[in-house]
Amino acid sequence: MSERPHFGEAAGRPSVTDPETVARHEEYWRRNIRYVGIMIAIWFTVSYLCGIVFAEALNALTLPGTNYPLGFWFAQQGAIYVFVVLIFVYVWLMNRLDLEFQVDEGSDA
Amino acid sequence: MTVQAWTFLLVAASFALYIGIAVWSRASTTQDFYVAGTGVSPLANGMATAADWMSAASFISMAGLISFMGYDGSVYLLGWTGGYVLLALLLAPYLRKYGAFTVPDFVGDRYYSQVARIVAVVCAIFVSFTYVAGQMRGVGIVFGRFLEVDINLGVAIGMAIVFFYAVLGGMKGITYTQVAQYCVLIFAYMVPAIFLSIMITGNPIPQLGLGGVDQATGVALLERLNGLHAELGFAPYTSGSKSTLDVFFITAALMVGTAGLPHVIIRFYTVPRVRDARISVGWALLFISLLYTTAPAVAVFARTNLIASVDEVPYSEVPEWFTNWEATGLVSFEDANGDGLIQYVGPASAETNELTVDRDIMVLANPEIADLPGWVIGLVAAGGLAAALSTAAGLLLVISSAVSHDLLKRSLMPQITEKQELLAARIAAGLAVLVAGYFGMNPPGFVAQVVAFAFGLAASSFFPVIILGIFSKRTTREGAILGMIAGITFTAAYIVYFNFMHPELNSAEHWWIGISPEGIGTVGMLLNFTITVVVSRFTPEPPPQVQVLVDLIRVPRGAGEAHELNI
């Protein structure tokens, strides 16, 4: 591996050494990981638990107001709606977090 | 106007539109060609991603598959949507921040290794070629069925169109044609679905109609279908027959595979900022879910319609669509007991089944079953073509950039100028179209199967090393290279063993702990994760500049032009 690595657009950037900024970035990353963890837990619950593992048991119930067996509904409709909502909620949370930790990209960049 | 005239008109109009867009959005730099100059709006990128993603299989085959699989069809619905959550949370924003042109670009740089780059190039080309052959075949089939054109001629016409806008416009041309193609395909999918939903349940929204009441009998639609299934000896529609474990693993392989497919990932390189990458995944899934929540409704409508309109019906009185499709050989009836009635029954019935229906016709025949006007049928043809062409173009771009950028510019001939690289990209795209067309005309018998396995291969090669590359600074090149090789080799070997070497053993009792070849990509992915993490522990940590790079991609600020950087 004699060739020097090339870093795409990130090449030639000054590395961040200022301790305050480093600490701020680390805290930002911890908060991000926490959001991701919560989102992944919901993602797993609606698809793999409600839609697959417990689908047969949930099929004894129906989605209130409709005639969908509940497990079947999660597997073929419900989980997909939740996925869409999850992404938009994450986007909203992260845009807020970016501002809070001053790592956003500005309004018009 | 006849159905054929409508079909010709709508297909020709949609093709003219794609060519017009290609001429308008020519690429003049490699940045235009690879990532559309990173100037695509998040909403447009969402639509383009949706079209890129939804292939001939989603448009033509999926509802039919679900129709025959019932609950088991959920693996496709969950598997082909859930991956977008992973993309939004774990991949898209960081890869956009990194600002590469291709997936091997990121892998090669993050793992400071040409070997890693080459392994990634090989994986990308392998996954994309298996996928693209199926798309060209889809184009040929739509032409063959709706325009009565020879399948090979159909493939050639499709090749010419893709050649034109992919070679001329690169990612820029592809992006804006995909936006148009999304509009065509979603309209073509929704119109017959809405008509059917009104006909059967009285509710114009198919997603709600699925949970509604069957107008003819006053019974809940799904209950009625389960009743029909029980009567005819099929497994209950809402329960399915695959093992829970296998459904779990197949779903995971498809989800993770989606998030690891290079042609999907590169779409998120084309937007201006990190926050645009995040939200465009949201738009993409919203646009995709429109079709994916309609498909299970279409599946149930079609299934109920089929059973109601043919079972125990005298052969001499079958509806017209039945006779039309019988002529293509995709519906066939054999009067086993000689009573002149059609017996359509399942494996648990005492009677003999007399009807064979190809699952692909469910979507294509829907407009005829519902007795819809000729223009709707023409629209479905144009929609099927839009779905196949948009996916093919995205895949061809991955192949061409893997050759011109990763193989030539970044590995073999770093001295070439941007102009030469752009020319190489165009030539590579052209050659890739020819190869794809060849496979479309002479499909190896296993293409259809291999397309489904492309997900397992993507899941077991790219996904773990990209995730670990972002979320664990300690991950080393040795770990990543061994992980990728082990993951893809294990997965490919399992698939080849059961599908090509010993197809007679391909059943649940021979599979490893009951996991089918479709679901084995999940095991390959876990293997890749484990090996990458363990080997990384025992090899020297990545050089400091790589660790700095990881720190940089974790924060959004500075993704735009370099001069805007102000940390």
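Me: A crossing of two helices is left-handed if the near helix is turned anticlockwise from the far one by less than a right angle, and right-handed if clockwise. In this predicted model, is the passage of H16(B) over H17(B) left-handed or right-handed?

Reply: Helix H16 covers residues 374–412 of chain B, and helix H17 covers residues 418–441 of chain B. The crossing that H16(B) makes with H17(B) is right-handed.

Me: Which orientation class describes H16(B) and H17(B)?

Reply: Two packed helices are described by the angle between their axes and the distance between the axes. Here the angle is about 135°, and the axes are 8 Å apart. An angle over 145 degrees would count as roughly antiparallel, and 65 to 115 as roughly perpendicular. The value fits neither class, and the two helices are therefore oblique.

Me: How many nonpolar residues does the contact of H16(B) with H17(B) have?

Reply: Among the residues that H16(B) brings are B:Leu396, B:Ser400 and B:Lys409, while H17(B) brings several alanines, including B:Ala424 and B:Ala428. By class, the contact has two charged residues, four polar residues and, as for nonpolar residues, 13.

Me: Which orientation class describes H5(B) relative to H11(B)?

Reply: Helix H5 (residues 74–98) and helix H11 (residues 244–260) of chain B have axes that come within 7 Å and cross at roughly 45°. Only angles under 35 degrees count as roughly parallel, and the roughly perpendicular range starts at 65. The angle lies between these limits, so H5(B) is, with respect to H11(B), oblique.

Me: How many charged residues are in the contact of H5(B) with H11(B)?

Reply: The crossing of these two helices is right-handed. H5(B) contributes B:Trp80, B:Gly83 and B:Leu87, among others, and the partners in H11(B) include B:Ile250, B:Thr251 and B:Met255. The residues of this contact divide into 13 nonpolar and five polar, and the number of charged residues is zero.

Me: Is B:Tyr112 buried or exposed?

Reply: B:Tyr112 sits in the loop between helix H6 (103–110) and helix H7 (114–146) of chain B. Its phi is positive, about 35°, although the residue is not a glycine. Most residues other than glycine have a negative phi. B:Tyr112 has 22 C-beta neighbours inside 10 Å, and the limit for burial is 20 or more, so B:Tyr112 counts as buried.

Me: Is B:Ile513 buried or exposed?

Reply: B:Ile513 also has a positive phi, near 40°. The residue lies in the loop between helix H19 (477–501) and helix H20 (520–537) of chain B. A residue counts as exposed with 12 or fewer neighbours, and B:Ile513 has 8 inside 10 Å; its class is therefore exposed.

Me: What distance separates the C-alpha atoms of B:Pro542 and B:Arg477?

Reply: B:Pro542 is in the loop between H20 and helix H21 (544–554) of chain B. With 23 C-beta neighbours inside 10 Å, B:Pro542 is buried, and it touches B:Tyr112, B:Lys473, B:Thr476 and B:Gln547, residues up to four places away in sequence being left out. B:Pro542 and B:Arg477 are 65 residues apart along the chain, yet their C-alpha atoms are separated by 7.6 Å.

Me: What distance separates the C-alpha atoms of B:Leu385 and B:Gly338?

Reply: B:Leu385 belongs to helix H16 of chain B and is buried, with 30 C-beta neighbours inside 10 Å. Leaving out residues up to four places away in sequence, B:Leu385 touches B:Val11, B:Val139 and B:Val142. B:Gly338 is 47 residues from B:Leu385 along the chain, and the C-alpha atoms are separated by 41 Å.

Me: Which element gives the most residues to the side of chain A that touches chain B?

Reply: The contact between the chains joins 51 residues of chain A to 63 residues of chain B. The elements of chain A that give two or more residues to it are helix H1 (19–53) and helix H3 (70–100). By class, this side of chain A has 32 nonpolar, 12 polar and seven charged residues. The element that gives the most, with 16 residues, is H3(A).

Me: Which helix gives the most residues to the largest nonpolar core?

Reply: This core has 223 residues, and those with the most contacts inside it are A:Phe83, A:Ile87, B:Leu185 and B:Leu396. One of them, A:Ile87, touches residues of chain B that include B:Tyr84, B:Val281 and B:Leu285. The helix that gives the most to the core, with 21 residues, is chain B's helix H8.

Technical notes:
Residues are numbered from 1 along each chain as its sequence is written. Chains are lettered from A and ligands numbered from 1 in the order in which they are written. This is a predicted model: local features need pLDDT of at least 70, side-chain atom pairs count only at pLDDT 80 or more; totals for chains, interfaces and linings use all residues. Helices (H or I, at least four residues) and strands (E, at least two) are DSSP runs, numbered from the N terminus. Axes are lines fitted to C-alpha atoms, for helices over the stretch in contact, and angles run from 0 to 180 degrees between N-to-C directions. Two residues are in contact if their C-beta atoms, placed from the backbone, lie within 7 Å. Ala, Val, Leu, Ile, Met, Phe, Trp, Tyr, Cys and Pro count as nonpolar, Asp, Glu, Lys and Arg as charged, and the others, Gly among them, as polar. A nonpolar core is a set of buried Ala, Val, Leu, Ile, Met, Phe, Trp, Tyr and Cys residues joined through C-beta atoms within 7 Å.
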